[in-house]
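Here is a friendly walk through one protein fold, meant to be read with the model open beside you. Take a look at it before reading on.

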Amino acid sequence: MNLQKLSSFNRDSALEFLRIEQLLSWEIRATPIKISAFFEERLERLHRNFALYNSESAKELLIDAFCEEALERRSQLQAWKEAPLRSDTLTGFVDYLIAQKRAYLGPPLLCVVEAKKDDFEQGTAQCLVSMDACAWQNAQKQHVIPVFGVVTNGSGWQFYQRDSQGAYSESVLFTSGDAPHLLGALDFIFAECEKSLVS
């Protein structure tokens, strides 16, 4: 069987491939988190010393900083960058994959983060099919759990959920300009991921 590349999808082809007629609306009821002095200083230094909006790799510096700050509250989770991902029909790499903290990457795969320069449609397509590949890998190990996704360009952040029945939902757009609310949303997602490790 020929495997399709995760990066080959646009939004329409991803929705068709996954048989999604409509993404459900998802309201994340997250509590804002006070940013740490370390994080505040790190953001100031990044903005002072880097041109952060001219390339995907530059924007990843911001994404790294926000993910690192949110993961600091979640001792069971770890981020893998440029992680390989495969299912029975899909193959490719994801920008970030959140999984259980251990020496190897394996199911349960909990959250995909796609960093895109400014193309949220392409980012959403790749995120949705990557979430499906995570769910497939999890099912091979009898982990029937929600899988989460994030699409971001560093300043805008949109969140996705694939529930254990295979329904997909998307949130409103969060922004890095409101760091406490964005960190609250990330913490909510990562807390849900941790719950799946003990369920």
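The notes below go from a central strand to the cores and then to some backbone details.

This is a predicted model. A good place to begin is strand S7 (residues 156–162), where seven of the seven residues are buried, so the strand is largely enclosed by the rest of the structure. Two of the S7 residues, Trp-157 and Phe-159, are also among those with the most contacts inside the largest nonpolar core.

**Strand S7 and its partners**

- In a regular strand the side chains alternate between the two faces of the sheet.
- Both faces of S7 are covered: one side carries Gly-156, Gln-158, Tyr-160 and Arg-162, the other Trp-157, Phe-159 and Gln-161, and all of these are buried.
- On one edge, S7 runs antiparallel to strand S6 (residues 147–152), and six bridges join the two. Here Gln-161 of S7 has Phe-148 standing opposite.
- S7 is also joined by six bridges to strand S8 (residues 168–175), again in antiparallel fashion. Trp-157 finds its bridge partner in Phe-174 of S8.
- Both pairings are hairpins: three residues separate S6 from S7, and five residues lie between S7 and S8.
- Each hairpin has a glycine with positive phi, namely Gly-154 at about 95° in the S6–S7 turn and Gly-166 near 95° in the hairpin of S7 and S8.

**The nonpolar cores**

- In soluble globular proteins, nonpolar side chains tend to be buried together.
- The largest nonpolar core in this model has 36 residues, and Phe-66, Cys-111, Trp-157, Phe-159, Ile-189 and Phe-190 have the most contacts inside it.
- Two or more residues of this core come from each of helix H2 (37–49), helix H3 (56–71), strand S4 (90–100), strand S5 (109–115), S6, S7 and helix H5 (179–198).
- Which element gives the most to this core? That is H5, with nine residues.
- Ile-189 is in contact with Trp-26, Ile-28, Cys-111, Phe-148 and Phe-159, leaving aside its neighbours within four places in sequence.
- There is also a second, separate core of 27 residues, which includes Leu-23, Ala-83, Leu-90 and Val-112.

**A buried serine in H5**

- Ser-196 lies in helix H5. Is this serine buried or exposed? Its relative accessibility is 9%, so Ser-196 counts as buried, the cut-off being under 20%.
- Not counting residues up to four places away in sequence, Ser-196 touches Leu-110, Ile-145 and Pro-146.

**Backbone details in the loops**

- Most residues other than glycine have a negative phi, and most peptide bonds are trans.
- Pro-107 and Pro-108 are joined by a cis peptide bond, with omega at about 5°. Pro-108 sits in the loop between S4 and S5.
- Arg-19 is not a glycine, yet its phi is positive, at about 60°. This arginine is in the loop between helix H1 (11–17) and strand S2 (24–25). With 75% relative accessibility, Arg-19 counts as exposed.
- Gln-142 is not a glycine either, and has a positive phi of about 60°. Its place is in the loop between helix H4 (120–140) and S6. The relative accessible area of Gln-142 is 67%, so this residue is exposed, the cut-off being over 50%.

Key:
Residues numbered from 1 in each chain as written. Predicted model: local features only at pLDDT ≥ 70, side-chain atom pairs only at ≥ 80, totals over all residues. Heavy atoms only, no water. Buried < 20%, exposed > 50% of the residue type's maximum accessible area, 1.4 Å probe, protein only. Helix = DSSP H or I, 4+ residues; strand = E, 2+ residues; numbered from the N terminus. Pairing = 2+ DSSP bridges. Core = buried A, V, L, I, M, F, W, Y, C linked by side-chain atoms within 4.5 Å. Contact = heavy atoms within 4.5 Å.
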